[in-house]
Amino acid sequence: MTSSKRVQDRSKKKRVHDLEVTTEKWKIASKIIYLMELLKQEPEMVIAVRSLEHHRRQINLPKPHRVSDFLRKTPNLFELYKDQKGVLWCGMTSKAENLMEQQQRVIEEHADKVAEHVTRFLMMSLDKRLPLEKIAHFRRDFGLPLDFRVHWVHMYPQHFRVVKALDGVEFLELVSWNPDWAITELEKKVVTEKTATTNTPGMLSIPFPLKFPANYKRVYRYYGEKIQHFQEMSYLSPYADARGLKAGSLEFDKRAVAVMHELLSFTIEKRLVTDHLTHFRWELVMPQKLMRLLLKHCGIFYVSERGKRFSVFLTEAYEGSELIEKCPLVLWKEKVLGLVGYRGRKKKFEVCSDDGSDVEDHDGLVCDQRDSEVGDLHVQIEPRGTLDYEDPLLGDDSEMDVGEIT
C-alpha cells in the first residue's frame, strides 16, 4: 500500500467536489428539519428559544453564534415573537406546518417499503436481531417516522418484534425469514425474476458498478488488473451466514463490501454517516478498520470529509451532485431546502397584546444580508477538522492511488 494518511490530507484533486457540495447542502437541510421535527413534538408547536440552547450539538451551532440569529435566517419556515414577559418564542410558519403534514403523508405511503428494508437489515445481521437504539441512528436515512421506537416497530408483527434482554437493552428481532427479500439489489438488476425467486443466499459472482471521477484516471492504468481480479471474485451474499469467514481475508472484505452496498441501497439518499456504520461491525460481520475498506474501494464508495462526521456515498447512485433516482422523501427535502436562504430586511419583534395576537406577520421576521450564514446555498468547500482515520490510498498529491487489493 501507499503511505497512510488521514482523509483530510487529500489534495483538492483527490476530492469529488460534486459530492462534497451535496454533503454541505444536506447538512444545512438536516439542521432545519431537526428543528422542525422538534417543534412538531411540542404541544402547541412552539418552544422558548432559550430551550433550544440544549440542542446546539444536534444542529452543530457552536458559540458564540446565537440560536435566535440562526432561526431568523429562515423566515419562510420559522417565526419568532416575544410574549408579555419578554420571553422569545419560536414557532413554524404555515408553510413549514404544511411541509410537515406532507412529510407525514409520504412516510405513511411508503411505510411498507421501509418495513421491508428494516426486515432485510435484520436478515443480514448475525443473530437476526439488532439493538433498537442502534437502528434509531438510521431513522432519517431509512425514512422512519418520529414515533419509530414507540409505535412503528409494533406495526409489522409479521416481520419483526421488540424483545428485551436481561440487561434491559431492547432489540428488534426478526420474526420470519422472507426468501423473496434475501435477494440483493445488484441481483435484482442482473438476474431474471424466475432465477431470483428460487435462489437461496449463497455465493454470488456479480461485479459491483464502478464510477471513478476523471481525476482518478490513473487508477486503472496501474491497478486495473487487481481491480479486475477483485471484481471477478465470487463472494458470499450479505444474507448468507458469514460466521465461517476469516477476518482479513479477501473473501471477508468482498462480502463486507457487498453488505455496505446493500445497506446504502436501502437509504433514501444512498449515503450514511460513517460513525453510525461502525456500531454494526459485529452484527454485520464487518472489518474493524471499516474506513480503510471504504477508502480502498473508491470506485464503489466515496467518503466525504465535510463537517465533524464523515459520510459515505454509493457512487453509482449519483450523477454529479444529484441523485439519479429520487424517492419522495428526497423530493420533500428539496422542497424544504428551497425555502432556506431568503434574504431581506430585519424588523423588530412585537410584544404580544392582551387580545392574544401573539404572532406578527410572516414577512416581518426576515434577516439582514450581512448576517446571513445560510445565504443562497452557495457552498464553499474548505478543508476543516481533524479526525484520525487513516487513508491507505493516498501518497503524493498528483493522483489518487487505489493501493493494493490483496
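Which residues form one aromatic cluster? The close-ups below take that up, along with a sheet and a few ring contacts, all in a predicted model.

**View 1. An aromatic cluster built from Phe residues.** Here you're looking at Phe-121, Phe-138, Phe-142, Phe-266 and Phe-280, which together form one aromatic cluster. Across the model, the count of aromatic pairs comes to 12.

**View 2. A tilted pair, Trp-152 and Tyr-156.** The ring centres of Trp-152 and Tyr-156 lie 5.4 Å apart. Their planes meet at 55 degrees, so this pair goes down as tilted; edge-to-face would need an angle over 60. Are these two residues buried or exposed? Trp-152 is buried, with a relative accessible area of 3%, and Tyr-156 also counts as buried, at 8%.

**View 3. Charged ends sitting over rings: Lys-25 on Trp-26 and Arg-129 on Phe-171.** Lys-25 puts its charged end over the ring of Trp-26, 4.9 Å from the ring centre. Arg-129 does likewise with Phe-171, and there the distance to the ring centre is 4.1 Å.

**View 4. An open sheet of 3 strands.** Read across the sheet and the order is 1-3-2, with antiparallel pairing. Strand 1 and strand 2 are the edge strands, each pairing on one side only. On average, and ignoring direction, neighbouring strands are turned by 25 degrees against each other. Helix 1 (residues 17-40) packs on this sheet and touches strand 1, strand 2 and strand 3. The direction of helix 1 makes about 100 degrees with that of strand 3.

**View 5. Strand 3 and its partner strand 1.** How many residues of strand 3 (residues 88-92) are buried? The strand is mostly covered, with 4 of its 5 residues buried. Strand 1 (residues 46-48) runs antiparallel to strand 3 and is joined to it by 3 bridges. Among the partners to look for, Ala-48 is bridged to Trp-89 of strand 3, while Ile-47 has Cys-90 as its bridge partner there. If you're tracing side chains, remember that in a regular strand they alternate between the two faces of the sheet.

**View 6. The hairpin of strand 2 and strand 3.** Strand 2 (residues 78-82) is antiparallel to strand 3, and 5 bridges join them. Phe-78 stands opposite Met-92 of strand 3. What lies between the two strands? There are 5 residues in the hairpin connection, and Gly-86 in this hairpin takes a positive phi near 85 degrees.

Note on methods:
Residues are numbered from 1 along each chain as its sequence is written. This is a predicted model: local features need pLDDT of at least 70, side-chain atom pairs count only at pLDDT 80 or more; totals for chains, interfaces and linings use all residues. Side-chain values use heavy atoms; hydrogens and water are left out. Rings of Phe, Tyr and Trp (its six-membered ring) pair if their centres lie within 6.5 Å; planes under 30 degrees apart count as stacked, over 60 as edge-to-face and the rest as tilted. Buried means under 20% relative accessible area, exposed over 50%, partly exposed in between (1.4 Å probe, protein chains only). A charge sits over a ring if NZ of Lys or CZ of Arg is within 6 Å of the ring centre and within 35 degrees of the ring normal. Two strands pair if DSSP finds at least two bridges between them. Axes are lines fitted to C-alpha atoms, for helices over the stretch in contact, and angles run from 0 to 180 degrees between N-to-C directions. Contact means heavy atoms within 4.5 Å.
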